[in-house]
Amino acid sequence: MDAFEESKNDINMWTLFFKSSTTIFLHGFSASSHLFMLLVLSIFWVRKKHTVPTLENSKQILKNTYFLYYWSSLLSCLGLSFGDLLLSVLNYFSGYKHGWTDLKFFAELDFAFKTLTWFVISVYLHVQFSHSSERRFPILLRIWWAFYFLMSCSYLVIHLGLYWKCSSLPFLLWVSDGMSIFSGFLFCYVGLFVKGREDRDLHLVEPLLKTSSNQSNGDNEKGLSLSGDGVTPYANANLLSIFTFAWMGPLLSLGYSKILDLEDVPQLDNYDSAKVVFADFRNKLEYDGNGSVNDGKVSTPKLVKALILSTWKEILWTTLFSIICTLASYVGPYFIGAFVQYFNSKTHQTKYKFYALVFIFFLSKFIRCISERHLFFQLRVISIKVRAALFTIIYKKGLSLSSQSKQGHSSGKNANLLSVDVERTGLFSWHLHNIWRVPVQVVLALLILYSKIGLASLVAFVSTIILLLANVPLGKLQEKFQGELMDSKDQRMKVTSEALKNMRILKLQGWDMKFLAKIIELRNFETRRLKKLLYSSAIIAFVYLSAPMFISMVTFGFCVLVGIPLDSGKILTALATFNILQGTIYNLPDLIYMVVQTKVSLDRITSFLCLDDLHPNIAYKLSRDSVKVAIDVVKGNFSWELHSPILTLKDINFRVCHGMKVAVCGFVGSGKSSLLSCILGEMPRISGAINLNGTKAYVAQSPWIQSGKIVDNILFGKEMDKKRYNMILEACSLKKDLELFAFGDQTIIGERGINLSGGQKQRIQIARALYHDADIYLLDDPFSAMDAHTGTHLFKECLLGILGSKTVIYVTHQIEFLSFADLILVMRGGRITQAGKYEEIHHSGTDFMELVGSHKKGLTVVNSIDRQVTLDNSITSEEDGNLLGSDKPIEDDEEREPKNCKVEKQVHLEGQLVQEEKREKGRVGLSVYWKYVTATYKGAFVPLILLAQISFQCLLIASNYWMVWATPISEDAGPHVRGATLIFVYVALTLGSSLCVLIRSMLIATVGYKTATLFFNKMHLCIFRAPMSFFDSTPSGRILNRVSKHL
């Protein structure tokens, strides 16, 4: 009995010593941190006084917008200083009355440094934001506030643990913890979140994109128009609304009362718009840390660095929430032993401890739930910003690729970059913090296990390290399979894209089923790689889902082997810890898979961004002072292939002054279009020089039309000028065409302009170029798709009328337009063989005369054919008693077209050709799920999957229940079964559950790829059997979006 009392006294003395030493360490660490902050802030303040402000009137911006946040921070700092001063005084009187101990001395030191530090911070805030031009809280303060909040939360958790072990702590510590946590949370909100709010307003006054003046003005006006009543309430939400997500209330209420449409969803704030996100990302990518411009080459580390710097505020928030979630998740396993001990005790004298435990469990669960919601929200924000930045830079890069780069990069790769690689890179944000959370959670779990089962936790640690090291070969295997899968998908998407673009030809020739068979063959080749990837993922999921059970089996076996006593409290603590560890290790396959996928996707995006652009110095820009010369080419040699000995254009020399009309003529393949390409800067220059003065507009030989409204195709992003718009419509003979359309210029153009004739598409393209009011116009035979009457009208109204004062270079095969040119360039074999006015070269050379002679000969043949057709029609009409055919001339396509359009107008008035994509409203019906689960093997594998999952859960629950039932309630009670029986039964149940996991994973992988293959074949069969009206009214992007990533 005396020995028991002596050991009990020793335990009490050790507990008191542990409490005292821990508290002294915490006070010392806090005092050192505040002293360090005081010194750093003093140095920072002294250096700040010598810094010249760069933005004027920024103090006014701060006062008007962040008056509340500034005063909240200032009052909080003053409150902390005053509160710590009061605690210091109370602690001093306590030491003076009851005697000074080491604990009270360090506490007094801590309170004194806190008082001084927060008072200096208060003075700094008042001076800095009242008499200087600072726009934001300094980075030093924001880092300190985040650190202070984390330190306060950690101190509270440690004090709760000491309170449970020692039953009492000084009241001053609880007061200090309460003040610190409340103030630290306010500081984190003001320092990190409000900083982003400020940047949103600053973007209203700063240029967003480095574009031309006209474009930037239009963009800015559009950007500013978002700052109205339609902006999301999140932009102006207060702290309580953000904490509780109350800003979502109006939208949820509206969604409950009606089906939400796109107009019901509020607009994003300017700060969150894709334009601002891309501008910030581009600046981070193009400039290094020293402020100098990079060499333009993009590498994967540089791309990752730019993405991190563009979303660093959200990453800091998610890091904070991840830390809180991780700490809160381990509160339950840490206190569950005490909970079991309380129920096993016979007296229940300390009921207040029971209520305290219940409150701790509830509070930890509440904090974890709230922090997880905010964590998921911020992770989604990161994902959206990453996708917006990558989408924009890939699209921007695609507009500037050189001809050599376009030859080696197919459209299928571009579609996969946008629909697959960017999507996966954005999804990686959900696994971003698992990289460091996994080892942290493992360490915390092992610390809890060490406090309960001692040396057996080392066995758990070794087995966990072995499993973590197994990630290396598995990760390389996944990367290999993922790379092969993406290569095969690129090949399939290339063929699919080409088939959709040329579907009309395939159907007319009867080649559609042959192309379908080719796509199915490529899909089968892709499926073999997909099968490898899915089965390897299933094996990895089995290994890591079984890993926590394997760790618990090894740990409990070691305890029985070396004789470490196990009771119900230790078993429940270990099982709860293993349960958290199970979720951590279960996420490892997804983490490995996402890391591998993201690395492959980033490498693919980087390789695309590293492709060669159009050389910016192909054409030199002349200064605006040289008003006479518009285009000057001196000894120009050009070739589409840089290293080819054969030149496309040779010895090009000509000069064009402002206002001149230059005609380019020649036989087919003589280099006329290539001459325009070298002026545009698209053809590489081998030697010589090109000098340009002014902006350019280009009209291609084959019209390029966007899928959209006619008015949008003409304006092309510019503001509407009604007077100029109507003048251009009249000049391009589009007035009558628009009157015949049911919706006028609001008519939606189908895929590749399917509901327009060739002449209409060409005239819309000319109208777009005219509306942009450039200095130099390059026209590549735009009148070839029109009849003679319409072409003559456009030539007179556009080239000689609206463009009368502009510089125009037009390629033409129509001899009648050459006499109006100030300069005619005759080309042959890539050279300019003749140059001059029409009268000068008419009789001076053979090339031009040969061209004119060929033209006249062709007209003679055509006229003879026309006369023969007219005679045949006349004879046929007389035989039928119909004389109309011999009296009226033959109408050309452009003249017959309005009559056909009138009939169509009367028949098709009900809607546009391209309709919005249909969507189902309401809940997803059970029939949809039933069709999916019964698509493969008529659903025969579904019961087996459910049986394997149910068996896995039952065996897992049985193994946990067995360990709790078979072990004694306390160390004093005897065991129910022998140690060998305990471990043997647990191993059997664990292996059974692991086998069920393996069966379930393999079955899901098999059913998944079989179902995807079946849906793929059925969908492609329906697509290739669809009538042409389906392809005319359905944008190819909708189809490519489904065949690229949905299957």
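**Exercise 1. How many residues does α27 have, and how far does α27 reach from its first C-alpha to its last?**

Before solving, some ground rules. This is a predicted model, where local features need pLDDT of at least 70 and side-chain atom pairs count only at pLDDT 80 or more, while totals for chains, interfaces and linings use all residues. Residues are numbered from 1 along each chain as its sequence is written, and side-chain values use heavy atoms, with hydrogens and water left out.

Solution.
- Step 1: find the helix. Helix α27 covers residues 758–771; helices here are DSSP runs (H or I, at least four residues), strands are E runs of at least two, and both are numbered from the N terminus.
- Step 2: count and span. α27 has 14 residues and reaches 20 Å from its first C-alpha to its last.
- Step 3: check against expectation. The expected span is 1.5 Å times one less than the number of residues, and for α27 the reach is close to the expected 20 Å.
- Step 4: look at its surroundings. Since 13 of the 14 residues of α27 are buried, the helix is largely enclosed by the rest of the structure. Buried means under 20% relative accessible area, exposed means over 50%, and partly exposed is in between (1.4 Å probe, protein chains only).
- Step 5: see what comes after. D773 follows α27 and has a positive phi, near 50°.

**Exercise 2. Work out how α25 and α27 meet.**

Solution.
- Step 1: take the axes. Those of α25 (residues 722–731) and α27 come within 10 Å and cross at roughly 145°. The axes are lines fitted to C-alpha atoms, for helices over the stretch in contact, with angles from 0 to 180 degrees between N-to-C directions.
- Step 2: assign the hand. The crossing of α25 past α27 is right-handed: the near helix is turned clockwise from the far one by less than a right angle, whereas anticlockwise would be left-handed.
- Step 3: list the partners. α25 brings R724, Y725 and I728, and α27 brings A767, L770 and Y771; contact means heavy atoms within 4.5 Å.
- Step 4: sort them by class. You get five nonpolar, no polar and one charged residues. Ala, Val, Leu, Ile, Met, Phe, Trp, Tyr, Cys and Pro count as nonpolar, Asp, Glu, Lys and Arg as charged, and the others, Gly among them, as polar.

**Exercise 3. Where in α28 is the kink centred, and which residues of α28 are buried?**

Solution.
- Step 1: check the length. α28 (residues 788–802) has 15 residues and reaches 20 Å, close to the 21 Å expected.
- Step 2: find the kink. It is about 25° and centred on F795; the bend at a residue is the angle between axes fitted to the seven residues ending there and the seven starting there.
- Step 3: pick out the buried residues. They are T790, G791, L794, F795, C798, L799 and I802, so the kink centre F795 is one of the buried residues.

**Exercise 4. Place D177 and S310 in their helices and find what each one touches.**

Solution.
- Step 1: D177 sits in α6 (residues 171–202) and is buried, at 5% relative accessibility.
- Step 2: leaving aside neighbours within four places in sequence, D177 contacts Y155, L156 and H159. The C-alpha atoms of D177 and S152 are 6.3 Å apart, although 25 residues separate the two along the chain.
- Step 3: S310 belongs to α11 (residues 300–310) and is buried too, at 12%.
- Step 4: beyond four places in sequence, S310 touches D280, F281 and K284. Of α10 (residues 274–286), the buried residues include F281.

**Exercise 5. Describe two non-glycine residues with positive phi.**

Solution.
- Step 1: F245 has phi near 60°. F245 lies in the loop between α8 (239–244) and α9 (249–257) and is partly exposed, at 24%.
- Step 2: S733 has phi near 55°. Its place is the loop between α25 and α26 (735–740), and S733 is partly exposed, at 22%.

**Exercise 6. What share of the residues of the protein chain count as buried?**

Solution.
- Step 1: of the 1047 residues, 44% count as buried.
- Step 2: add the elements. The chain has 37 helices and 10 strands.
- Step 3: add the contacts. Among those between residues at least 6 apart in sequence, 81% join residues at least 24 apart.
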